Amino acid sequence: MDETLSDNLKVEETAPDGAPVEDMDRAEETSEEIVMDWYILKVQSNREDSIAAALIRRAKIANLSEYFGQVIVPIESVTEVRNGRRRTTKHKLYPGYIIVQMAINEDTWYLVRQTSGIGDFAGAAGKPVPMLPEEVERILAGQIQKEEAPQLKIGFQVGDRVKVKEGNFENMDGEVSSIDVTSGRVNVMINFFGRSTPVELEYWQIEQM
């Protein structure tokens, strides 16, 4: 072949599987790992759950689900005893806010801002400021803990003087020595014949003096 002609020919590099190197580089660029952070969103109070669900639904419709992770309405479970019956209720930890795991880009920013009920990102002048890792860990750990072992709402502390209002020790008083918030059992030091004796009671059997 003439050397002048061969110099003018363009030889395209190919990968072992026959794909042009240029195409492989482009594929690598488009398959970059999506990095997500956690953000706090201001939303309308009493609509946290429906707004979180709407955000997830709109992301799916817009084919942006890959840029969103978990959307959480932080809650706590509180167990109370009323009329001798135990009841567990859930309360929002941060009314008016939801926590979202997402990657910020032009499309996701627009989607969030255009979702009904969402005000803005919590941060400086509305700019998305990622939550600190320890803040995220505390909230996520709290959700798991609350689901596994709801905390009883007990209105007194160790050292408080209390009076027994039900049971074998009714009308006797003593001092709280320990509290088990998981089971709701309380140890009270009650004076028997001049000697302080620990008595285990249900927390709803006593009241603060």
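A salt bridge here is a side-chain nitrogen of Lys or Arg within 4 Å of a carboxyl oxygen of Asp or Glu. Keep that in mind for the close-ups below, which all come from a predicted model.

**View 1. Glu-200 and Arg-185 meet in a salt bridge.** Their side chains come together at 4.0 Å, N to O. Glu-200 sits in strand 11 (residues 195-202) and Arg-185 in strand 10 (residues 185-192), so to speak two distant parts of the chain, 15 residues apart, linked by this pair. How accessible is Glu-200? It counts as exposed, because its relative accessibility is 52% and the cut-off for exposed is over 50%. Arg-185 counts as partly exposed, at 37% relative accessibility.

**View 2. Asp-49 reaches Lys-92.** Here's another salt bridge between side chains, again given as 4.0 Å from N to O. Asp-49 belongs to helix 3 (residues 48-61) and Lys-92 to strand 4, and the pair links these distant parts of the chain, 43 residues apart. Lys-92 is partly exposed, with 33% relative accessibility. There's a third player too: salt bridges that share partners join Glu-48, Asp-49 and Lys-92 into one network.

**View 3. Arg-113 pairs with Asp-120.** The closest N and O atoms of this salt bridge are 3.8 Å apart. Arg-113 is partly exposed, its relative accessible area being 33%. How many salt bridges turn up in a search of the whole structure? The search finds six. As a bit of background, side chains of opposite charge can pair when their charged atoms come close.

**View 4. Tyr-39 and Phe-121 form an aromatic pair.** Look at how the two rings are set: they are edge-to-face, with 5.8 Å centre to centre and 80° between the planes. Tyr-39 lies in strand 1 (residues 37-43) and Phe-121 in strand 6 (residues 118-121), so this contact ties together distant parts of the chain, 82 residues apart. Both Tyr-39 and Phe-121 are buried. Ring pairs also bring in Trp-109, making a cluster of Tyr-39, Trp-109 and Phe-121. The count for the structure comes to two aromatic pairs.

**View 5. Leu-93, Tyr-94 and Tyr-97 make a nonpolar surface patch.** The patch covers about 260 Å². Where does Tyr-94 sit? Look in the loop between strand 4 (85-92) and strand 5 (97-102). Tyr-94 can join a patch because its relative accessible area is 38%, and patch residues need over 30% and no salt bridge. That value also makes Tyr-94 partly exposed.

Note on methods:
Residues numbered from 1 in each chain as written. Predicted model: local features only at pLDDT ≥ 70, side-chain atom pairs only at ≥ 80, totals over all residues. Heavy atoms only, no water. Phe/Tyr/Trp six-rings, centres within 6.5 Å; stacked < 30°, edge-to-face > 60°. Helix = DSSP H or I, 4+ residues; strand = E, 2+ residues; numbered from the N terminus. Buried < 20%, exposed > 50% of the residue type's maximum accessible area, 1.4 Å probe, protein only. Patch = residues over 30% accessible without salt bridge, like charges linked within 9 Å, V, L, I, M, F, W, Y side chains within 5 Å. Areas by Shrake-Rupley, 256 points an atom, 1.4 Å probe, with all protein chains shown as cover.
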